[in-house]
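Please look through the sequence and the structure shown here. The text after them is a short guided reading.

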Amino acid sequence: AYKKLVLLQNDVPTHKNNDAGYGATKSFVETQSMQRRIFAHALTQGMYPYLWQMSSNFNVPEMMDDWKAMASAMDKALRAPRGSEAKIAFVVDKDLQRFLGEDTEVHHPTRGIALIDYGRLEWGRVGVGYDVLYLDQLAKAPSYPVYVFYHILKADNATIELIHRKLAAEGATGVFVWADGIVDGADKFSVANASKLCGMTLKDATSLVANPWTMAPTPKLLSLGFPEKSTLGSVFRSEDGDKVFAARIYPPTLEVADWEAEKWGTDSQGRATLLAMKTQGQWRSVYSSSPVLVPELLRVILKQAKVERILE
């Protein structure tokens with residue numbers, strides 16, 4: 001009835017649990033405060049906070065009144081008719097697991113944390129509202145100034161034409177990350193297909209293994225308002241309990257080799273262009289080798305798209 005349901009898993013260990021490196025609270029007051037923070041975050045970001053307390057043995061019955069009040073508030077919020085005020089649409093593919101496989105590695109870089117969850121830590125810090133769409137909803141979606149195509153790994157010709165048509169009709173900015181479009185309509189790996197999707201000439205960059213994902217801003221990006229001392233390409237404000245995931249990242253897969261594109265970010269040695277923007281007639285294209293789009297970068301992109309009143 002409400003088009004989609006995005007879940008925010010609440011599995012924060014309480015003060016009755018051992019920490020085990022996952023950020024258990026220290027007292028009931030802190031437990032209550034943390035649970036309320038989780039709920040407030042979910043409510044304001046358009047998500048639904050379900051409780052998954054199996055590993056924590058659902059061991060704080062004193063929280064029951066709080067949880068009942070939260071459930072009532074969320075129910076009212078879900079039923080309230082409202083138009084979207086979002087300025088960014090993150091577009092994801094429901095078939096993503098087909099290309100990334102099962103995420104079963106515990107002691108090695110994990111696909112879920114590195115490619116999806118870790119990047120999402122930054123979305124709520126940009127200062128504007130965002131929506132999350134499935135790729136098959138794009139054709140009938142309302143207009144947004146900025147679309148981030150978040151790991152659209154497979155893109156056949158019809159998908160590419162749809163995306164380009166949507167962006168051109170709205171004069172929007174399309175942001176493409178990591179390996180978007182690397183799988184073509186014939187299920188073959190294709191750098192040419194990825195280039196076609198983002199509208200820039202790309203080339204293989206898998207030899208860039210040093211300092212993966214961390215980029216240096218170019219003078220051009222700094223002139224557009226990107227803060228000189230900000231980190232580009234990786235998370236540096238990790239959540240409690242997530243610090244262990246900071247190193248679980250993949251190296252860049254593609255780099256920009258398009259002389260017409262504006263260079264916005266390079267590897268630490270300045271050898272390869274890993275972040276760039278190119279005007280595509282009626283729309284703009286941004287390619288980032290890193291799926292971690294820090295708030296400062298998205299604010300530059302929003303400013304270029306003439307989105308105003310960004311909350312700091």
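The paragraphs below go from the overall make-up to the cores and then to one pocket.

This is a predicted model. Its mean pLDDT is 83, and 80% of the residues reach 70 or more. Confidence varies along the chain: among the elements, strand E6 (residues 173-177) has the highest mean pLDDT, 98, while strand E1 (residues 7-10) has the lowest, 64.

The protein contains eight helices and twelve strands. It has 312 residues, of which 47% count as buried. Among the contacts with a separation of 6 or more, 74% are between residues 24 or more positions apart.

Next comes the interior. The largest nonpolar core has 77 residues. Those with the most contacts inside this core are Ile88, Tyr147, Val148, Phe149, Phe176, Trp264 and Leu297. Val148 can serve as an example: leaving aside residues up to four places away in sequence, Val148 touches Ile88, Ala89, Phe90, Val91, Val175, Leu293 and Leu298. Another core lies apart from the largest one and has seven residues, including Phe39, Trp67, Met70 and Met74.

The last stop is a pocket. The second largest pocket has a volume of about 210 Å³. It is lined by 16 residues, and the closest to its centre are Leu153, Ala179, Ile182, Val183 and Phe189. By type, the lining divides into ten nonpolar, two polar and four charged residues. Helix H3 (residues 96-100) gives the most to this lining, with three residues.

Methods: Residues are numbered from 1 along each chain as its sequence is written. This is a predicted model: local features need pLDDT of at least 70, side-chain atom pairs count only at pLDDT 80 or more; totals for chains, interfaces and linings use all residues. Side-chain values use heavy atoms; hydrogens and water are left out. A nonpolar core is a set of buried Ala, Val, Leu, Ile, Met, Phe, Trp, Tyr and Cys residues joined through side-chain atoms within 4.5 Å. Buried means under 20% relative accessible area, exposed over 50%, partly exposed in between (1.4 Å probe, protein chains only). Contact means heavy atoms within 4.5 Å. On a 1 Å grid over the protein atoms alone, a cavity is a set of points where a 1.4 Å probe fits but cannot get out, and a pocket is an open set with protein on both sides within 12 Å along at least five of seven lines; lining residues have an atom within 4 Å of a point. Grid points are joined across faces, edges and corners, and a volume is the space filled by probe spheres set on the points. Helices (H or I, at least four residues) and strands (E, at least two) are DSSP runs, numbered from the N terminus. Ala, Val, Leu, Ile, Met, Phe, Trp, Tyr, Cys and Pro count as nonpolar, Asp, Glu, Lys and Arg as charged, and the others, Gly among them, as polar. pLDDT is the predictor's confidence in each residue, from 0 to 100.
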